[in-house]
Amino acid sequence: MIKELRNVEILDLSSIETMKIFYKFRQAIPMFENLSRLSIATKSGLCWKLLTLLLEKSPNLETLVIKGPLHYHEHGQGICECLSEYHFLLSCLVKVVEITEFRGTKRELAHMKHILVKLPCLELVKVHAWETDENAKLKITMNLLKLLRPCKIQLKFVSC
């Protein structure tokens with residue numbers, strides 16, 4: 001069944017259980033030559049090994065939507081070894097990244113910096129922040145703007 005998905009243009013993996021099945025049968029994942037938009041659900045503690053694999057198998061991907069928080073290692077500080085400093089992003093043609101649950105923590109900002117530095121074609125970052133306090137929104141905005149490459153990325157900050 002997974003092999004039959006090879007011609008999809010939009011893939012939305014909203015279920016954590018579906019992602020676990022994809023990862024279990026990762027050898028069967030085909031090249032997604034036509035995939036232009038990938039939406040993937042995340043949650044705290046869930047490893048991003050599937051995301052790295054899907055990005056490697058999607059040479060024409062233009063939009064990546066991360067439905068949930070940015071990844072971190074559940075047992076301690078820092079970046080999970082599955083991300084390997086995000087080197088897998090260097091060959092991605094992704095132009096748009098959307099993150100639906102951004103809180104602006106130091107850890108999230110560190111991950112965002114890796115994403116911004118490693119994606120060579122990135123043009124637009126959409127951040128949905130979970131903050132209602134105006135001072136907190138301003139702080140998140142200022143911290144994100146410090147990370148942006150000049151004239152290469154537009155930031156859309158949406159408060160939820």
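Isoleucine 99 stands opposite valine 127 of strand 5, and this pairing, taken from a predicted model, is a convenient entry to the strands around it. Strand 4, which spans residues 96–102, and strand 5, which spans residues 124–129, run parallel and are paired over 5 bridges. Strand 4 also pairs with strand 3 (residues 63–67), again in the parallel sense, through 4 bridges; among the partners that can be named here, threonine 63 is matched with valine 96 in strand 4. Strand 4 is mostly covered, with 5 of its 7 residues buried.

The connection from strand 4 to strand 5 can be followed through helix 3, residues 106–118, and together strand 4, helix 3 and strand 5 form a β-α-β unit that is right-handed.

Another part of the chain to examine is helix 1, made up of residues 16–24, whose buried residues are Ile16, Met19 and Phe22. When the helix is viewed down its axis, these buried residues fall within an arc of 115°, and they therefore line one face of helix 1. Glu17 and Lys24, by contrast, are exposed on the other side of helix 1. The partners of the buried residues of helix 1 are strand 1 (10–13), strand 2 (37–41) and helix 2 (49–56), against which they pack.

At the N-terminal end of helix 1, the cap is provided by serine 15, which places a side-chain oxygen 3.2 Å from the backbone nitrogen of glutamate 17. Glutamate 17 thus appears twice in this account, with its backbone nitrogen in the contact to serine 15 and as one of the exposed residues of helix 1.

Note on methods. Residues numbered from 1 in each chain as written. Predicted model: local features only at pLDDT ≥ 70, side-chain atom pairs only at ≥ 80, totals over all residues. Heavy atoms only, no water. Buried < 20%, exposed > 50% of the residue type's maximum accessible area, 1.4 Å probe, protein only. Helix = DSSP H or I, 4+ residues; strand = E, 2+ residues; numbered from the N terminus. Pairing = 2+ DSSP bridges. Right-handed = clockwise from strand over helix to strand, strands pointing away. Arc of directions from axis to C-beta. Contact = heavy atoms within 4.5 Å. Polar contact = N/O pair within 3.5 Å; in protein donor to acceptor, adjacent residues only side chain to side chain.
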